[in-house]
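Q: I have a sequence and a model open side by side. How should I read them, feature by feature?

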Amino acid sequence: LGTGESSLRGVSSSFSQEQLLSYFYRLNYSFNNKYLFQINGRYDGSSKFAPGNKWAYFPSGSFGWRLSEEDFIQNLNVFDNLKFRVSYGSIGSHGVGRYATLQRIGGESYGYGFHQTPVGVYQPIGIANKELKWETTTQTDVGLDVGLFENALSITLDYYYKKTTDLILNRNISLINYPHRNHTPAIT
């Protein structure tokens, strides 16, 4: 290196680690083959998030009523199958990079002074976000299944409503205005 020159030495590692642990359950119940119930739950933990936000619970449940098994529907002699269903559930996503909740720095070389002497600088390249948590999507479904003419004609009607909260999204934020490499200071 010549006099006044600077070299930026990089420090890096390819080591990374993450863990995901889930607990789940499912309960099914059928009464007289007419009333169908199901309850599910997941309790997920991810090392990608900061303490306090590592774990999240995602419940779901459904109810089905086989109307075609009821006497008052069978007496109509119209439906071979008639079932009403409703369900609600949530699911989570931990689709964020490892260590995204931590402050990160990176090296850059900038020109300094009138002669743009290279100077090595370490600067923030990411802001720590301890509030980052599981993205949650909830969905509601209300439906009706109809079978006619010995089930030769089947009709399914559904209404869906889906909503995502706490969306995980990368966004570039200007931390500090650093001088650019080819910028020459103005002389006044």
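**Reading the model by residue and element**

A: Start with one loop residue. Leu 102 lies in the loop between strand E4 (79–93) and strand E5 (104–112). Keep in mind throughout that this is a predicted model.

Q: Is Leu 102 buried, exposed or partly exposed?
A: Relative accessibility decides. Leu 102 has 37%, so it counts as partly exposed.

Q: Which residues does Leu 102 touch, leaving out those up to four places away in sequence?
A: Ile 127, Ala 128 and Lys 130. Sequence distance and spatial distance are worth reading together. Leu 102 and Gly 126 are 24 residues apart in sequence, and their C-alpha atoms are 8.0 Å apart in space.

Q: What is the overall order of elements in the protein?
A: From the N terminus, the order is β-β-β-α-β-β-β-β-β. That gives one helix and eight strands.

Q: How do I read a strand pairing, and what sense does the pairing of E5 and E6 have?
A: Look for bridges, then for direction. E5 pairs with strand E6 (residues 117–126) in the antiparallel sense, over nine bridges. As one example, Gly 107 has Tyr 122 in E6 as its bridge partner. The hairpin of E5 and E6 has four residues between the strands. There, Gly 113 takes a positive phi near 80°.

Q: Where else is phi positive, in a residue other than glycine?
A: Asn 77 is one case, with phi near 55°. Asn 77 sits in the loop between helix H1 (71–74) and E4. With 71% relative accessibility, Asn 77 counts as exposed. Asn 151 is another non-glycine case, with a positive phi of about 65°. Asn 151 belongs to the loop between E7 and E8. At 44% relative accessibility, Asn 151 counts as partly exposed.

Q: Where is Glu 150 placed?
A: In the loop between E7 and strand E8 (153–165). Glu 150 has a relative accessible area of 73%, so it is exposed. Glu 150 and Asp 80 are 70 residues apart in sequence, yet 5.8 Å apart in space, C-alpha to C-alpha.

Q: Now a charged side chain in a strand. Is Asp 44 buried or exposed?
A: Check the element, then the accessibility. Asp 44 is in strand E2 (residues 35–46). Its relative accessibility is 4%, so Asp 44 counts as buried.

Q: Which side chains make polar contacts with the side chain of Asp 44?
A: Ser 22 is one, at 2.5 Å. Arg 42 is another, at 3.1 Å. Then add the wider surroundings. Beyond four places in sequence, Asp 44 is in contact with Leu 21, Ser 22, Lys 54, Trp 55, Ala 56, Phe 58 and Trp 134.

Q: How does Asp 141 read by the same steps? Is it buried or exposed?
A: Asp 141 is in strand E7 (residues 135–148). With 10% relative accessibility, Asp 141 counts as buried. A polar contact of 3.4 Å links its side chain to that of Arg 85. Leaving out residues up to four places away, Asp 141 touches Arg 85, Val 86, Ser 87, Asp 158, Tyr 159 and Tyr 160.

Q: Which residues make up the largest nonpolar core?
A: There are eight: Phe 49, Ala 56, Phe 58, Val 96, Ala 100, Leu 132, Trp 134 and Ile 168. Take Leu 132 as a member to inspect. Beyond four places in sequence, Leu 132 touches Phe 49, Asn 53, Val 96, Ala 100 and Thr 101. Another core, of five residues, lies apart from the largest one; among its members are Ile 73, Leu 82, Val 146 and Leu 148.

Q: What do the totals for the protein add?
A: They set the scale. Of the 188 residues, 23% count as buried. The accessible surface comes to about 13,900 Å², and 55% of that belongs to carbon and sulfur atoms. Among contacts with a separation of 6 or more, 61% are between residues 24 or more positions apart.

Q: Where should I be careful, and over which residues does pLDDT stay under 50?
A: Where pLDDT is low, the predicted coordinates should not be read in detail. The mean pLDDT of the protein is 82, and 84% of its residues reach 70 or more. Over residues 1–6, pLDDT stays under 50, and the model has seven contacts for them beyond four places in sequence. Residues 178–188 are also below 50, with 17 contacts in the model beyond near neighbours in sequence.

Terms used:
Residues numbered from 1 in each chain as written. Heavy atoms only, no water. Helix = DSSP H or I, 4+ residues; strand = E, 2+ residues; numbered from the N terminus. Buried < 20%, exposed > 50% of the residue type's maximum accessible area, 1.4 Å probe, protein only. Contact = heavy atoms within 4.5 Å. Polar contact = N/O pair within 3.5 Å; in protein donor to acceptor, adjacent residues only side chain to side chain. Core = buried A, V, L, I, M, F, W, Y, C linked by side-chain atoms within 4.5 Å. Areas by Shrake-Rupley, 256 points an atom, 1.4 Å probe, with all protein chains shown as cover. pLDDT = per-residue confidence, 0-100. Pairing = 2+ DSSP bridges.
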